[in-house]
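Me: I would like to go through the structure below by question and answer. Please let each reply end on the value or name requested.

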Amino acid sequence: MASNDDIMLALGKLQEGVDRLRVDFQDEKGMAHESRAVIHQRLDNQALQIAHMETTIAVRGQIDAQVRGEIQALKETVEKNQEAVSPTVAEWQRMKTLGLGIAGLIALAGLTIGGIVAYMSETAVSGIRHWLKIP
């Protein structure tokens, strides 16, 4: 039979093993807690990033809608102004064409008169000398 000392020694070794297991278990428990904390922190960060992205997308959608509305309003204004100005532009083009025609006629008349004067210059000089009685 085992003596009391042997039993106490065995119990001491058993207690030492249990203590080591407790320390190891506490270390594992602490590391698991830290690991879960990191995972939760990452999940929280992901949730914040997703919320920020959703907000950004919503704001950009509103901005796009506002810009589209302003562009549509500008388009309507331009079309309305174009309709209002269209008769004036047509009249201006008609006046421009008429003015170019008149300018062409004046230029043609000037060339014609200049040609006639150049052609008739000798005769005119003789006639003027005769009229003024210059020898």
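Me: Is glutamate 16 buried, partly exposed or exposed?
Reply: In this predicted model, glutamate 16 has a relative accessibility of 47%. The buried class lies under 20% and the exposed class over 50%. Because 47% falls in between, glutamate 16 counts as partly exposed.

Me: With which residue does arginine 20 form a salt bridge?
Reply: Arginine 20 lies in helix α1, four residues from its partner and about one turn of the helix away. The closest N and O atoms of the pair are 3.2 Å apart, and the cut-off for a salt bridge is 4 Å. The partner of arginine 20 is glutamate 16.

Me: How far apart are the closest N and O atoms in the salt bridge of arginine 94 with glutamate 91?
Reply: Side chains of opposite charge can pair when their charged atoms come close. Arginine 94 and glutamate 91 are three residues apart in helix α1, so about one helical turn separates them. Arginine 94 is partly exposed at a relative accessible area of 48%, and glutamate 91 is partly exposed at 35%. Their closest N and O atoms are separated by 2.7 Å.

Me: How many salt bridges does a search of the whole structure find?
Reply: One salt bridge is formed by arginine 20 with glutamate 16. Another is formed by arginine 94 with glutamate 91. For the whole structure, the search gives a total of two.

Me: What is the radius of gyration of the protein chain?
Reply: The protein chain has one helix and zero strands. For 135 residues the globule rule gives 14 Å, and the chain is well over that value, so it is more spread out than a compact globule. Its C-alpha atoms fill a box of roughly 175 × 40 × 20 Å along the principal axes. The radius of gyration is 54 Å.

Me: What distance separates the C-alpha atoms of glutamate 54 and serine 126?
Reply: Glutamate 54 lies in helix α1, which covers residues 4–132. Serine 126 is 72 residues from glutamate 54 along the chain. The distance between their C-alpha atoms is 100 Å.

Me: What percentage of the residues in the protein chain is buried?
Reply: A residue counts as buried under 20% relative accessible area. Glutamate 54, at 52%, is exposed. Of the 135 residues in the protein chain, the buried share is 0%.

Me: What accessible area does the nonpolar patch with Met8 have?
Reply: The patch on the surface is formed by Ile7, Met8, Leu11, Leu14 and Val18. Methionine 8 is found in helix α1 and is exposed, with a relative accessible area of 55%. Together, the five listed residues have an accessible area of about 460 Å².

Me: How far apart are the centres of the positive and negative side chains?
Reply: The protein chain carries 14 positive side chains and 17 negative ones. The centres of these two sets are separated by 19 Å.

Me: Which residue in the segment after α1 has a positive phi?
Reply: The residue is other than glycine, and its phi is near 60°. It is exposed, because its relative accessible area of 73% is over 50%. The residue in the segment after α1 is lysine 133.

Definitions and conventions: Residues are numbered from 1 along each chain as its sequence is written. This is a predicted model: local features need pLDDT of at least 70, side-chain atom pairs count only at pLDDT 80 or more; totals for chains, interfaces and linings use all residues. Side-chain values use heavy atoms; hydrogens and water are left out. Helices (H or I, at least four residues) and strands (E, at least two) are DSSP runs, numbered from the N terminus. Buried means under 20% relative accessible area, exposed over 50%, partly exposed in between (1.4 Å probe, protein chains only). The radius of gyration is taken over C-alpha atoms; the globule rule is 2.2 Å times the number of residues to the power 0.38. Lys and Arg count as positive and Asp and Glu as negative; His and the chain ends are not counted. The place of a charge is taken as NZ of Lys, CZ of Arg, CG of Asp or CD of Glu. Patches are made of residues with over 30% relative accessible area and no salt bridge: like charges are joined within 9 Å, nonpolar side chains (Val, Leu, Ile, Met, Phe, Trp, Tyr) within 5 Å. Accessible areas come from the Shrake-Rupley method with a 1.4 Å probe; for residues, only the protein chains shown count as cover. A salt bridge is a side-chain nitrogen of Lys or Arg within 4 Å of a carboxyl oxygen of Asp or Glu.
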